[in-house]
Amino acid sequence: MTSKLATLNQWVQEVAALTQPDRIHWCDGSAAELQVLTQLMLDRGDLQALNPETHPDCYLHRSHPSDVARVEHLTFVCTRHPEDAGPNNNWMHPTEAHAEIDALFAGCMKGRTLYVIPYCMGPIDSPIARCGVEITDSPYVVANMRLMTRMGDAALARIEREGHFVRGLHSIGDLDPARRFIMHFPEELTIKSIGSGYGGNALLGKKCHALRIGSWQARSEGWLAEHMLIVGIENPQGETHYIAAAFPSACGKTNLAMLIPPEGYREAGWKVWTIGDDICWMSPGEDGRLWAINPEAGFFGVAPGTGAKTNANALAMLNREAIFTNVAVTADNQPWWEGLDERVPTKDWKGNDYVPGSGPAAHPNSRFTVAAKRCPSWTPKAEDARGVPISAIVFGGRRESLVPLVFEARDWTHGVLVGASMASETTAAATGAVGVVRRDSMAMKPFCGYNFGDYFAHWLSFDQAGAKLPKIFHVNWFRKGSDGKFLWPGFGDNLRVLEWMLKRCEGRVEAVDTPVGQLPQRRRLES
Ligand code: OXD
Ligand code: MN
């Protein structure tokens with residue numbers, strides 16, 4: 001098969017000439033295609049079927065032990081002028097970068113199949129959505145992209161209609177960390193990634209396209225591409241307000257997006273609706289408000305810590321048609337991770353016999369991939385081509401001390417400052433030390449595809465006459481007391497904080513003015 005779009009065919013031919021695959025397969029996104037790929041991966045040992053009774057159509061993938069997280073030190077933004085990439089990115093000149101990475105791509109697909117994956121980030125008919133094509137030699141990437149994006153024939157038809165697309169070239173190469181690079185060429189709307197099969201490095205629709213290239217496109221086209229969840233809060237009167245919230249990786253975005261209201265709230269009629277858990281594209285509408293879509297169609301969530309108490313919605317969606325990466329397994333072949341329950345697994349994430357007390361059985365950054373529609377709190381509003389209007393933007397980090405539970409920025413400009421000065425303790429989502437406080441403006445430090453100075457100016461530029469911008473808040477669920485315990489219960493109780501924010505948006509509650517911003521009033525609890 002080829003495409004009606006000559007530039008797409010030409011690019012595929014050029015890549016094939018460089019990488020020399022044995023075969024080329026154009027992905028249509030069908031169930032039959034997935035079945036063939038799944039069988040291939042089972043035969044090759046890339047996947048292992050999990051217990052078909054408890055987890056039908058669920059599979060385990062064990063990655064190479066050196067390939068378990070994003071690699072920020074090997075991730076580059078390659079612009080003609082270094083100041084366009086900014087001090088927040090590793091930079092290489094595009095000519096040098098192409099030469100370096102193309103040398104690694106030369107002949108790398110010999111004996112392999114080259115898969116062409118047309119995909120759409122966002123509802124297929126949304127004007128905010130944007131399309132791309134990923135070329136990869138990894139069937140695991142194809143299977144994940146099928147869950148994470150609108151992939152296949154419908155996306156190809158849109159690409160052929162529009163005549164342009166983001167180009168992403170990926171190969172697992174030889175998985176040698178010394179020959180691993182994730183390179184972005186925003187001026188050419190191109191991504192090249194080699195040497196890693198890990199999600200954020202290999203599923204190019206996600207961090208590479210939807211954030212790094214997306215933020216560049218957003219700046220030139222007047223919208224925002226952000227590392228934010230989108231959640232709808234329905235009050236007992238049946239009105240739903242949408243909140244977008246930015247937290248660094250592995251700081252609870254998935255849990256907040258799928259929050260289950262505490263009992264009293266549920267009885268009173270509160271409901272929470274999930275639109276997205278990681279990425280938000282926001283564009284000013286004719287009414288002056290920011291309208292948002294989730295460009296993704298699935299969740300690539302952190303497994304450890306996901307349990308019946310922390311995120312029952314996530315557990316409910318993980319019992320069929322899910323891919324698990326680097327989790328442990330129980331004696332009856334069910335996926336298992338720390339924080340799931342009290343069972344003791346028999347195999348660790350590397351497939352070795354698990355010795356209790358020898359450390360975590362699942363990798364701390366082990367993941368699940370699952371279609372968003374499988375989430376019990378998913379709302380069809382996620383498919384609305386127009387998006388949803390955003391009432392509040394929340395920034396937050398993981399901070400043991402100093403930062404209060406919640407405060408409100410005085411206005412948009414102050415809110416941009418609050419987002420820009422965010423900091424958080426690092427997690428296992430990226431390689432490197434864990435638990436070190438680092439500045440992570442808008443949770444975009446690893447994902448902004450251009451100079452942070454220009455990015456802050458872009459944020460500030462939305463404050464124009466006629467704009468009806470969301471209020472901006474900052475939260476910290478992770479503050480600890482002198483006994484080392486968390487001060488705030490978190491999870492479902494976070495709805496109490498979101499309710500306060502929405503009351504502030506509607507002008508229904510007073511706040512206390514402080515040097516950092518507006519804080520909730522102290523109120524003695526009635527006994
Ligand atoms: C993710 C990340 O996978 O932020 O979402 O690392
Ligand atoms: Mn993320």
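The centres of domain 1 and domain 2, taken over C-alpha atoms, lie 29 Å apart in this predicted model. An automatic or database domain assignment sets the bounds, giving domain 1 as 6–47 + 74–222 and domain 2 as 226–297 + 381–520. Residues are numbered from 1 along each chain as its sequence is written.

The interface of the two domains can be described as follows.

| Quantity for domain 1 and domain 2 | Value |
|---|---|
| Residues in contact | 35 residues of domain 1, 31 residues of domain 2 |
| Buried area | about 2,700 Å² |
| Salt bridges | 5 salt bridges |
| Polar contacts | 20 residue pairs, both at pLDDT 80 or more |

Contact means heavy atoms within 4.5 Å. Buried area is the accessible area (1.4 Å probe) that two parts lose on being put together, summed over both; here 55% of it falls on carbon and sulfur atoms. A polar contact is a pair of N or O atoms within 3.5 Å, where within protein one must be able to donate a hydrogen and the other to accept it, and residues adjacent in sequence count only if both atoms are side-chain atoms.

A salt bridge requires a side-chain nitrogen of Lys or Arg within 4 Å of a carboxyl oxygen of Asp or Glu. Arg 150 and Glu 383 form such a pair, with their closest N and O atoms 3.1 Å apart.

On the side of domain 1 that touches domain 2, the elements giving two or more residues are α3 (82–85), β6 (113–121), α5 (139–148) and α8 (205–221). Of these, α8 supplies the largest share, 10 residues. Helices (H or I, at least four residues) and strands (E, at least two) are DSSP runs, numbered from the N terminus.

Side-chain values use heavy atoms, with hydrogens and water left out.

How values were computed: Chains lettered and ligands numbered in written order. Predicted model: local features only at pLDDT ≥ 70, side-chain atom pairs only at ≥ 80, totals over all residues.
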